[in-house]
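User: Could you walk me through how to read a few features of this model? I'd like the general idea, then the case at hand.

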Amino acid sequence: MANTPSARKRARQAAKRALVNKSRRSRIKTFVRKVEAALAAGDVAAAKAAFALAEPEIRRGVSKGVLHLNTASRRISRLAQRIKALDTRSPPAS
């Protein structure tokens, strides 16, 4: 356990920061889950709409230090690929 006042303060700050980061990560996962649910349902329009909301949320995770830039880019790229694949498979609406 921390003995000095500064170490106690750092422990408090770390605990507070961990809660904020956990909340941010959870929020990102929720947005990604919505995209994946739309993909699983085969709904291209819903997937695109959910992706439009998820992408900025993932990028915000990078700016807040919750995700690494390469990790975020990889996740965004993979989701976009899946949406594109689903879009090319589905017949054009007439």
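**Charged pairs, core and helix**

Analyst: Let's start with a charged pair in this predicted model. R82 and E36 make a salt bridge, with 3.7 Å between the closest N and O atoms. R82 sits in helix α3 and E36 in helix α1, so the bridge ties together parts 46 residues apart in sequence.

User: How many salt bridges does the structure hold?

Analyst: There are five. Another one joins the side chains of K48 and D87, at 2.9 Å from N to O. That pair also links distant parts of the chain, since K48 belongs to helix α2 and D87 to helix α3, 39 residues apart.

User: Why does K48 count as partly exposed?

Analyst: Partly exposed is the range between the 20% cut-off for buried and the 50% one for exposed. K48 has 42% relative accessibility, so it falls in that range. Its partner D87, at 32%, is partly exposed too.

User: Where do E55 and R59 lie?

Analyst: Both are in helix α2, four residues apart, or about one turn of the helix. They form a salt bridge, and their closest N and O atoms are 3.3 Å apart. Elsewhere, R27, E57 and R60 are joined into one network by salt bridges that share partners.

User: On to the core. Which residues touch the most other members of the largest nonpolar core?

Analyst: V35, L39, F51, I58, L79 and I83 do, out of 18 residues in that core. Each of α1, α2 and α3 supplies at least two residues to it. For a close-up, take I83: beyond its neighbours within four places in sequence, it contacts V35, L39, A47, K48 and F51.

User: Which residues of α1 are buried, and what covers them?

Analyst: The buried ones are N21, I28, F31, V32, V35, A38 and L39. Their cover includes α2 and α3.

User: What span should α1 have, and how far apart are its end C-alpha atoms?

Analyst: At 1.5 Å a residue, the 37 residues of α1 should span 54 Å, and the end C-alpha atoms are 54 Å apart, so the two agree. Just after α1, G42 takes a positive phi of about 80°.

User: And aromatic rings: how many aromatic pairs are there?

Analyst: In general, you describe a ring pair by the distance of the centres and the angle of the planes. Here the count is zero. There is a charge over a ring, though: K34 lies over the face of F31, 5.4 Å from the ring centre.

Methods: Residues are numbered from 1 along each chain as its sequence is written. This is a predicted model: local features need pLDDT of at least 70, side-chain atom pairs count only at pLDDT 80 or more; totals for chains, interfaces and linings use all residues. Side-chain values use heavy atoms; hydrogens and water are left out. A nonpolar core is a set of buried Ala, Val, Leu, Ile, Met, Phe, Trp, Tyr and Cys residues joined through side-chain atoms within 4.5 Å. Buried means under 20% relative accessible area, exposed over 50%, partly exposed in between (1.4 Å probe, protein chains only). Contact means heavy atoms within 4.5 Å. The expected span of a helix is 1.5 Å times one less than its number of residues. Rings of Phe, Tyr and Trp (its six-membered ring) pair if their centres lie within 6.5 Å; planes under 30 degrees apart count as stacked, over 60 as edge-to-face and the rest as tilted. A charge sits over a ring if NZ of Lys or CZ of Arg is within 6 Å of the ring centre and within 35 degrees of the ring normal. A salt bridge is a side-chain nitrogen of Lys or Arg within 4 Å of a carboxyl oxygen of Asp or Glu.
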